Amino acid sequence: MMRSSIIFKISDINLFKTQLTFFVSSEHNFCLLDSNESLYSNNELIAGIGSIDELMNSSDSFNSLAQFHKTTKDWLFGFFAYDLKNEIENLQSNHFDGIGFPTIHFFQPRYVFVLNNHTITILFLSAFDSAQTVTELFDRINSFEAPPISSVRLKNIKERTGKSTYIDNVSKILSNIHKGDIYEMNYCIEFFSDHAEIDPAQVFLKLNNVTKSPFSTFMRSGDKYLICSSPERFLRKENDKIISQPIKGTIRRGETPREDDDLMQKLKNSDKEKSENVMIVDLVRNDLSRTCTNVQVSELFGIYTFNKWHHMISTITGKKQGSFPFTDVIKNTFPMGSMTGAPKIRAMQLIEQYEDAKRGLYSGAVGYITPDEDFDFNVVIRSICYNASKNYLSFQVGGAITSNSIPEKEYEECLLKAKAIFETLA
């Protein structure tokens, strides 16, 4: 479906992002993806706003998505929740879920916003809008008086899995590793508030200002919101090139330049982190080889610096085989190895055994699909999920457990990854 476009000049990019965030928050469906000027993305910001048509939940999600895209021949924005694993493999998820995101939700947006180099391009459909109505929309957003970003005080945050239980479970997971059940498992815990009343736009802007992550996302699906500061890409398709960039290896930023450099070198030289990383790289290579040729590791153990953390990131690429629908590439790599473990299916079985909350959208993926079947999806980590109808707020954190793991250190790493969210909410 061919869209028309209008380009507008933006004088203050940060102000416009703030105006747009508050403006769209009242829409029933929207997905705003902010790269925070990262080199990871072709766009500074891309957003789908409003909904013309949508796909939500399906017994055959990936084929349904392929058909939905074939029918619309248009941009789609949306997400895959972690529990789609139960459709892909013979698995189940029976834990409590306080948020209730659907397993899959994609929508055909009324407007697509693309921000680059002080210009905003608005793509629209002539069946619904004209150049005049789009210009009026831009003027409303550009003149919107956004309130100042205020502090958020959420006092009743609870821990579903206490420290002692966490440490005991990691010890049991280590027993599984030593017995040869698995080599690595991503184990996560939930923090929550069941009496939360927040302004999601305020919380997103505050978290995004703190983290400046390259895959930040503000999204709404009905009464449910995702506030995401993810540093990790799940999967990207450009023509027939497929790119995956798993993160395994995290260390905090230093308080002085020297300490910062020392910590970076510590991460770079860590045998434990390299071991975690290479196991997931091998898993991703195997997953991609099911739909791609020429699968290779273009970068191994790259060290990248973000506002709050240094991360070890590897990049795996492949060439999509033409006989497969684009959705098969996603299906055969989902859920991402960095959030499951190796071997993947056994790791997911043990995740269900040891974790205390359903992951839902956490460790799923959010992104967009172009009319030409290109796509870009993040990994939903460092994220707050919020159900406005239930006043239920949840965020989960975790890390890879390997034979070198020390339970107390793994717990400390969980708290490190949650630090920016705690700062945002308290």
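This note sets out numbered points on the predicted model shown above.

1. The model is a prediction, and its local features are reported where pLDDT is at least 70. Side-chain atom pairs are counted only at pLDDT 80 or more. The points below should be read with that basis in mind.

2. Strand β2 spans residues 29–34, and 6 of its 6 residues are buried. In a regular strand the side chains alternate between the two faces of the sheet. On one side of β2 stand Asn-29, Cys-31 and Leu-33, and on the other Phe-30, Leu-32 and Asp-34; both faces are covered.

3. Two neighbours of β2 can be named. Strand β11 (residues 215–221) pairs with β2 in the antiparallel sense over 6 bridges, with Asn-29 opposite Ser-221 and Phe-30 partnered by Arg-220. Strand β3 (residues 45–49) is also antiparallel to β2 and is joined to it by 5 bridges. Here Cys-31 has Gly-48 as its bridge partner.

4. Strand β11 is likewise mostly covered, with 7 of its 7 residues buried. Phe-215, Thr-217, Met-219 and Ser-221 point one way, while Ser-216, Phe-218 and Arg-220 point the other, and all are buried. The charged residue Arg-220 is thus among the buried members of this strand.

5. Strand β12 (residues 224–230) runs antiparallel to β11, and 7 bridges join the two. Met-219 of β11 faces Leu-226 of β12 across the pairing. The hairpin formed by β11 and β12 has 2 residues between the strands, and Gly-222 adopts a positive phi near 70 degrees there.

6. Helix α10 covers residues 344–354, and its buried residues are Lys-344, Ala-347, Met-348, Leu-350, Ile-351, Glu-352 and Tyr-354. An α-helix has 3.6 residues a turn, so residues three or four places apart point the same way. The packing partners of the buried residues of α10 are α3 (85–88), α5 (163–179), β10 (184–193), α8 (271–288) and β18 (341–342).

7. The largest pocket holds about 510 Å³ of space. Of its 17 lining residues, Thr-250, Lys-266, Glu-273, Lys-409 and Glu-413 are the closest to the centre. Two or more lining residues come from each of β15 (247–252), α7 (257–268), α8 and α11 (407–425). The largest contribution is that of α11, with 5 residues. What is the make-up of the lining by class? It has 5 nonpolar, 4 polar and 8 charged residues.

8. Two single residues in helices deserve a remark. Asp-260 is located in helix α7 and has a relative accessible area of 10%, so it counts as buried. Its contacts beyond four places in sequence are Arg-253, Gly-254 and His-310. Thr-72 belongs to helix α2 (residues 61–72). The relative accessibility of Thr-72 is 5%, which is why it counts as buried. Outside the stretch up to four places away in sequence, Thr-72 touches Met-1 and Gln-108.

9. The whole structure contains 30 aromatic pairs. In the pair of Phe-23 and Phe-144, the ring centres lie 6.1 Å apart and the planes stand at 90 degrees, so the arrangement is edge-to-face. Phe-23 is in helix α1 (residues 13–24) and Phe-144 in the loop between α4 (131–142) and β9 (158–159); the pair therefore ties together parts that are 121 residues apart in sequence. Is Phe-144 buried, partly exposed or exposed? Phe-144 counts as partly exposed because its relative accessibility is 29%.

10. A second aromatic pair, Phe-326 and Phe-375, is tilted, with 6.2 Å from centre to centre and 40 degrees between the planes. This pair also links distant parts of the chain: Phe-326 is in helix α9 (residues 326–331) and Phe-375 in strand β20 (residues 375–378), 49 residues apart. Both Phe-326 and Phe-375 are buried. They belong to one aromatic cluster, whose other members are Phe-62, Phe-80, Phe-106, Phe-234, Phe-334 and Phe-377.

Notes:
Residues numbered from 1 in each chain as written. Heavy atoms only, no water. Buried < 20%, exposed > 50% of the residue type's maximum accessible area, 1.4 Å probe, protein only. Helix = DSSP H or I, 4+ residues; strand = E, 2+ residues; numbered from the N terminus. Contact = heavy atoms within 4.5 Å. 1 Å grid on protein atoms, 1.4 Å probe; cavity = no way out; pocket = protein on both sides within 12 Å on 5 of 7 lines; lining within 4 Å. Points joined across faces, edges and corners; volume = space filled by probe spheres on them. Pairing = 2+ DSSP bridges. Phe/Tyr/Trp six-rings, centres within 6.5 Å; stacked < 30°, edge-to-face > 60°.
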